Amino acid sequence: MGNPDDVQGLDLRFDRAHGARIYDYILGGKDNYPVDRKAGDASIEVWPALRVHMQANRAFMHRVGRFLAAERGIRQFLDIGTGIPTQPNLHEIVQEVAPDAHIVYVDNDPIVLAHARALMTSTPEGRTAYISADMREPEAILGAKELRETLDMSRPVGLMLIGMLHFIEDDDEAFEVVRRVVDVLPSGSFFAATIATDEFAPEPLAKLREQYYAHGETLTWRTKDQAHQFFEGFELEEPGLVQMHKWRPDSVDIGEIDDADICMYGAVGRKT
Ligand SMILES: C[S@@+](CC[C@H](N)C(=O)[O-])C[C@H]1O[C@@H](n2cnc3c(N)ncnc32)[C@H](O)[C@@H]1O
């Protein structure tokens, strides 16, 4: 664990495995507990590609951050479902391109809050903020003073929902909460997401889902059509909605990847 002083007063639920900590463990982080490692190992046993898949998710986030900052001039980001800090974090990626960029992070997991200090390492010219809130209550995010103080909501924002929509099980609720956030973004804003699907490896992924449920996490699969639905009102950047490792792969990516090892679509859209 990082700094134990950080976690005082928070209910970190050490007795059960936790999605953010399992993700941290599988990505090689140190902010996880035996219960998380046990669940992570059990998940890898049923789907050995899980580590490659998670690395590809993280790599997608890096490429999108760089693309939006360097090629679309985005200087403000709202990253919901941030996860336990894992370097490089989004602000480190975009501030390398644009040191004056502002980034607001949001997560509902107390363990992420406990480590939020690692997200507050902005450049002097830029700014970062952290909001502890649940995406299922978008008004808590949109009404937060940290958001208003850090982002100018009259200017384009890059909204990132990376590796988190599968935690919202109900399809209508997932579409609705995304809609409520994108509705307040000015045109010219961008929306990037990865959306879990079982379309490329149905059998092992059925077992993975069982495994997630067994340790109390949800893992909601969506079809390509459903994934597209999240982007209604957005013009998709090339190459459109594709398996996330196929979205503008670059030389710093993690190498050759088998399609059956990736269970998420990824896309980036511009609000018209
Ligand atoms: C798999 S991690 C992804 C982290 C990071 N976005 C990435 O792609 O590397 C998913 C994160 O979403 C957060 N999350 C899940 N449901 C959420 C919700 N309803 N509101 C806010 N955050 C949520 C979890 O706590 C976790 O930290």
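The legends below accompany close-up views of a predicted model.

**View 1. Strand S5 and its neighbours.**
Let's start with strand S5 (residues 190–196). Seven of its seven residues are buried, so the strand is largely enclosed by the rest of the structure. Phe190, Ala192, Thr194 and Ala196 point one way from S5, while Phe191, Ala193 and Ile195 point the other way. On both faces these residues are buried. Strand S4 (residues 158–161) runs parallel to S5 and is joined to it by four bridges. To find one of the paired positions, look for Leu159, whose bridge partner in S5 is Phe191. Between these two strands the chain passes through H8, giving a right-handed β-α-β crossover from S4 to S5. S5 also pairs with S8, this time antiparallel, through seven bridges. Here Ala192 has Val268 in S8 as its bridge partner.

**View 2. The largest nonpolar core, with Leu68 as a guide.**
This core has 54 residues. Leu68, Phe77, Met160 and Val268 are the residues with the most contacts inside it. Helix H3 gives the most to the core, with nine residues. Which residues does Leu68 touch, leaving aside those up to four places away in sequence? They are Gly73, Ile74, Phe77, Gly158, Met160, Phe190 and Val268. If you have just come from the first view, you have already met Val268 as the bridge partner of Ala192, and Phe190 as one of the buried residues of S5. Another core, of 37 residues, lies apart from this one and includes Ala129, Leu151, Phe175 and Leu241.

**View 3. Helix H1 and what covers it.**
How many of the eight residues of helix H1 (residues 19–26) are buried? Eight are, and the helix is mostly covered. The buried set is Gly19, Ala20, Arg21, Ile22, Tyr23, Asp24, Tyr25 and Ile26, with charged residues such as Arg21 and Asp24 among them. These residues pack against helix H2 (34–46), H3 and helix H5 (110–114). H1 is followed by Gly28, which has a positive phi near 90°.

**View 4. A salt bridge between distant parts of the chain.**
Side chains of opposite charge can pair when their charged atoms come close. In this view, Asp250 and Arg66 meet in a salt bridge, at 3.4 Å from N to O. The two partners are 184 residues apart: Asp250 sits in the loop between strand S7 (242–243) and strand S8 (264–271), and Arg66 in helix H3 (residues 50–71). Are these residues buried or partly exposed? Asp250 counts as partly exposed because its relative accessibility is 30%, and Arg66 is also partly exposed, with a relative accessible area of 29%. The structure holds 13 salt bridges.

**View 5. Salt bridges between residues closer in sequence.**
Glu176 forms a salt bridge with Arg180, their closest N and O atoms being 3.8 Å apart. Both lie in helix H8 (residues 171–182), four residues apart, or about one turn of the helix. An α-helix has 3.6 residues a turn, so residues three or four places apart point the same way. Glu176 is partly exposed at 39% relative accessibility, and Arg180 is partly exposed with a relative accessible area of 30%. Elsewhere, the side chains of Asp134 and Arg136 meet in a salt bridge at 2.8 Å, N to O. Arg136 is partly exposed, with a relative accessible area of 38%.

**View 6. Arg248 and its salt-bridge network.**
Glu71, Arg72, Glu237 and Arg248 are linked in a network of salt bridges. Arg248 is placed in the loop between S7 and S8. Its relative accessible area is 28%, so Arg248 counts as partly exposed. The backbone here deserves a look too: Arg248 has a positive phi of about 40° although it is not a glycine. Most residues other than glycine have a negative phi, and most peptide bonds are trans.

**View 7. Two cis peptide bonds.**
Which bond leads into Pro88 in the cis form? It is the peptide bond from Gln87, with omega near -5°. Pro88 belongs to the loop between strand S1 (76–80) and helix H4 (90–97). The peptide bond from Glu238 to Pro239 is also cis, with omega near 5°. Look for Pro239 in the loop between strand S6 (234–236) and S7.

How values were computed. Residues numbered from 1 in each chain as written. Predicted model: local features only at pLDDT ≥ 70, side-chain atom pairs only at ≥ 80, totals over all residues. Heavy atoms only, no water. Salt bridge = Lys/Arg side-chain N within 4 Å of Asp/Glu carboxyl O. Buried < 20%, exposed > 50% of the residue type's maximum accessible area, 1.4 Å probe, protein only. Pairing = 2+ DSSP bridges. Right-handed = clockwise from strand over helix to strand, strands pointing away. Core = buried A, V, L, I, M, F, W, Y, C linked by side-chain atoms within 4.5 Å. Contact = heavy atoms within 4.5 Å.
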